[in-house]
Amino acid sequence: MSSSTPSGTNQRIDPKRLWDSLMDMASFGATPKGGVKRLTLTDVDKRGRDQFKAWCEALGLVVRVDAMGNMFARREGRDPSRAPVLMGSHLDSQPSGGKFDGALGVIAGLEVMRSLHDLNIQTEAPIELINWTDEEGSRFGRSLMGSGAWAGVYPVDQTYALADVDGVTVGEALDAIGYKGDVPAKPFPADAYFELHIEQGPILEKEEKLIGVVTGAQAQVWFDAVCIGQDAHAGTTPPSTRKDALVCASRIVDLVDRMMRARGDDGRGTVGYMQVIPNSRNVVPGEVRFSVEFRHPDTAEIEKLAAQFPREAGFIARDCGIELKLTELFRIPHQPFDAGCVALVEQAAAKLGYPARKIISGAGHDAVYVSRSIPTAMIFTPCKDGLSHNEAESIEPEEAAAGCQVLFEAVLARANRSL
Ligand code: HGY
Ligand code: MN
Ligand code: MN
């Protein structure tokens, strides 16, 4: 006889099963240095998605896919009229990413579903587990692309037209892996969303905290930049006639670093991607394409950076005699999470006796866009040396289990709450 046992009893997830499935998922795109390369909408992403779908369907969950390839695995509740409680994260990775960035939240959600099944618990509200498409933004230049399209931030048709460096569009890539679903990518009635993720920073480890109760995520702005000069012979072209796009880009990289450091320890400014054209050792580069992003806990600082950077980069280009093309790709203000959901995370950690602290997320997450339409909270767990977006990303099985147990408690409490 299934029961909707109230949370607070000692119902436990299975730490070994959780860890084994994390390692199984890490085998999709495994790299020699112990990381993963599971770039969004590639064949290896497809294989990871197919495995996730098979695991969900083996539990009797009904999986649907929306127009952006976002995957939703649904477990019915006792009361079908109630809005579902959502949980999830992303299975795509950076080109040289870690095993746990994103995957922890999806596989921990799977473990919650498996545990509910084993414990024969039927919650009042339905529960859905989500794999969001292209959280990383590395391939097509839009971070949080799947959740952003779902939230209405990126119009789906425009998003389909985004192309990677090889000219392959999002629409073509979704078709190629068979994950362009027939469900519209847009918000539906849901009661709450919880996302478990590694902190990707040093705070929890340094303070010996097992759980981060995430109260919100910092603001950010991303640009694409192109410096246009003139290809020329390295041996015959004197300084006076050079139009060296790489020298100009290098001065702009230094500008980004100076603007970051001017904001102290909260400052974040990064040029992570750069393409030098023609990229030949004896040709003065005529064109350089690169990314620029800034982040800060205070939205007002991002507004200032978004105005200051184009102005000062323009001065550098003028002094270099180089044409500069800047495109702002997106801007996200600081996003606070829902106090009620944050409290459930905090209460779960306290009840389980896990040392915890409140924290603002330095990284962007799908929860940021989801929280624009659904009460949302996140759970962080530590990662070794605060390292992420690096193949050496590492966590302990006990940390994964603790985060998963908090997710279990918070989702169960929310799904069984009296309305
Ligand atoms: O860039 C980010 O903040 C996220 O890790 N993709
Ligand atoms: Mn992530
Ligand atoms: Mn990431």
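Is cysteine 227 buried or exposed? Select it and look. Cysteine 227 is buried, with a relative accessible area of 0%. Keep in mind that this is a predicted model.

**Stop 1: the cysteines**

Stay on cysteine 227 and add cysteine 248 to the selection. Cysteine 248 holds the closest cysteine sulfur to that of cysteine 227, at 3.8 Å. A disulfide needs the two sulfur atoms within 2.5 Å, so this pair is too far apart for a bond.

Next, select cysteine 404. Cysteine 404 is also buried, again with a relative accessible area of 0%. Which cysteine has the sulfur closest to that of cysteine 404? Cysteine 56 does, but its sulfur is 13 Å away, too far for a bond. Across the whole structure, a search finds zero disulfides.

**Stop 2: glutamate 195**

Now move to strand E5, residues 192-198. Pick out glutamate 195, which sits in this strand. Glutamate 195 is a charged residue that is buried, yet it has no salt bridge. Where is the nearest side chain of opposite charge? It belongs to arginine 295, 12 Å away.

What does the side chain of glutamate 195 meet instead? Show tyrosine 193: its side chain makes a polar contact of 2.9 Å with the side chain of glutamate 195. Then show alanine 367. Its backbone nitrogen lies 3.1 Å from a polar atom of the glutamate 195 side chain.

**Stop 3: the surroundings**

Finally, display the residues around glutamate 195. Beyond its neighbours within four places in sequence, glutamate 195 is in contact with Gly88 and Ser89. Its contacts also include His365, Asp366 and Ala367. Add Ala377, Met378 and Ile379 to complete the set.

Terms used. Residues numbered from 1 in each chain as written. Chains lettered and ligands numbered in written order. Predicted model: local features only at pLDDT ≥ 70, side-chain atom pairs only at ≥ 80, totals over all residues. Heavy atoms only, no water. Helix = DSSP H or I, 4+ residues; strand = E, 2+ residues; numbered from the N terminus. Buried < 20%, exposed > 50% of the residue type's maximum accessible area, 1.4 Å probe, protein only. Lys, Arg positive; Asp, Glu negative; His and termini not counted. Salt bridge = Lys/Arg side-chain N within 4 Å of Asp/Glu carboxyl O. Polar contact = N/O pair within 3.5 Å; in protein donor to acceptor, adjacent residues only side chain to side chain. Contact = heavy atoms within 4.5 Å.
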